[in-house]
Amino acid sequence: MNKSPTAGSAKNEGRPFNAGAFAREYGVLVIIAALLIGLSLVSDSFLTVRNLLNIVNQSAPLMIIACALTLVIIGGGFDLSTGAIFGVAAVSSGWIATQVDPYVAILAGPLIGLALGAVNGLIITTFNVHSFLVTLATSLVYRGIAILITGGSLIPVRIEAFSWLGRGRIGMVNVAVIVVIVFMIMIMMVVLLNRTTFGRKVFAVGGNEEAAILSGIRTNLVKIITFTLSGGAAGLAGVITVSRLSMAEPQAGAGLELEAIAAVILGGTAITGGAGAIWRSIAGVLLMALIGNGFNILNVNPFFKDLTTGVIIVIAVALAASNSRR
């Protein structure tokens, strides 16, 4: 029997405000708001449309990876290979763009990422090995593949039909930003994770895998799909980056997996699985981007940027750990 709105509101009114719960739920948004206000006061050039769009555009590849990585982490997994997959997709699309066709190259990057992500999922489920170890190993293999493709050298990609994805604009908004909004946010957040049976299965597998198995969920298939999507997102991000920079290199994306994981944690998604949201990871990416942009505007030593980001991550992990104990 459903509770009446009056009864529910009365119950909420009698409940004391919990600052800790509010910080865990909306802390990242509060920090973002504080940064926006503070940076706009100290710099006239910060709160401009051009600067804000530039922040979002530069964050688009990381945002794409973080959104898909959120599915992996909610499902109880861990993916350390996204940076290496990014590199393989980047050099592969660069080579195909110069040697075959630029439009084929744009499609090839995400497809290569999907294939490499599927390999991760298959190894994890077939041999029942923890995803941390598997993706750590495959990241080394994939990085080696990227070097083999290029011979360790750079691939210049100065082709107009290819660069539109990273540099093209519709009005003042970059095409890459539109890809993030339409594909990653609308499809993955609104539809896939929150409006499908698959999304509920991801939460179930991450929350309690044994219970999910007993309820008839094909947990291995769910894991394979999440890792496949993570790889595809990394491939798409790689293509966008090469398209924007007009240059593909085998070491592209080095450390990107750690930035994506940090963004997911900053957003408040449970690192232990079973809870989280795509919007949280997007907020985490934006928070990291605002910190970096603010320090650049203020001309502060980059060391303090990393220090500040690290402190915020520690606080976010501590809040998540306290929530788990509760």
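Here's an informal walk through a few helices of this structure and some of the residues in them. Keep in mind that this is a predicted model.

**Where the record puts the membrane spans**

The UniProt record, an unreviewed entry, places the feature "transmembrane region" at several stretches, including residues 103–128, 140–159 and 224–246. Here's how two of these spans look in the model:

| Span | End-to-end C-alpha distance | Helix | Strand |
|---|---|---|---|
| Residues 103–128 | 38 Å | 96% | 0% |
| Residues 224–246 | 32 Å | 96% | 0% |

**Helix α6, with its buried side**

Now to α6, which covers residues 131–150. Its 20 residues should span 28 Å at 1.5 Å a residue, and the end C-alpha atoms are indeed 28 Å apart, so the two values agree.

Quite a few residues of α6 are buried: Ser 131, Val 134, Thr 135, Thr 138, Ser 139, Tyr 142, Arg 143, Ala 146 and Thr 150. Since these take up an arc of only 165° around the axis, they sit on the same side of α6. What covers them? The cover includes α4 (82–99), α5, β1 (155–156) and α11.

Turn to the face pointing away from that buried side, and you'll meet the exposed residues Leu 133, Leu 140 and Leu 148. Just after α6 comes Gly 151, with a positive phi of about 70°.

**Thr 126 in α5**

Helix α5, one of the elements covering α6's buried residues, runs over residues 102–127 and contains Thr 126. Is Thr 126 buried or exposed? With a relative accessible area of 55%, Thr 126 is exposed, because the cut-off for that label is over 50%. The side chain of Thr 126 reaches back to the backbone oxygen of Leu 122, at 2.6 Å. Thr 126 also has a neighbour from elsewhere in the chain: Asn 220 is 94 residues away in sequence, yet the two C-alpha atoms are 8.5 Å apart in space.

**One salt bridge**

How many salt bridges does the model have? The count comes to one. Side chains of opposite charge can pair when their charged atoms come close. Here the partners are Glu 209 and Lys 223, whose closest N and O atoms are 2.8 Å apart. Glu 209 belongs to helix α10 (residues 209–214) and Lys 223 to helix α11 (residues 219–245), so the pair ties together parts that are 14 residues apart in sequence.

The two partners carry separate labels for exposure: Glu 209 is partly exposed at 30% relative accessibility, while Lys 223 is buried at 18%.

Note on methods. Residues are numbered from 1 along each chain as its sequence is written. This is a predicted model: local features need pLDDT of at least 70, side-chain atom pairs count only at pLDDT 80 or more; totals for chains, interfaces and linings use all residues. Side-chain values use heavy atoms; hydrogens and water are left out. UniProt positions are given in the numbering used here, feature names are shortened, and annotations may be inferred rather than shown by experiment. Helices (H or I, at least four residues) and strands (E, at least two) are DSSP runs, numbered from the N terminus. Buried means under 20% relative accessible area, exposed over 50%, partly exposed in between (1.4 Å probe, protein chains only). A polar contact is a pair of N or O atoms within 3.5 Å; within protein, one must be able to donate a hydrogen and the other to accept it, and residues adjacent in sequence count only if both atoms are side-chain atoms. A salt bridge is a side-chain nitrogen of Lys or Arg within 4 Å of a carboxyl oxygen of Asp or Glu. The expected span of a helix is 1.5 Å times one less than its number of residues. The arc is that of the directions from the helix axis to the C-beta atoms. Contact means heavy atoms within 4.5 Å.
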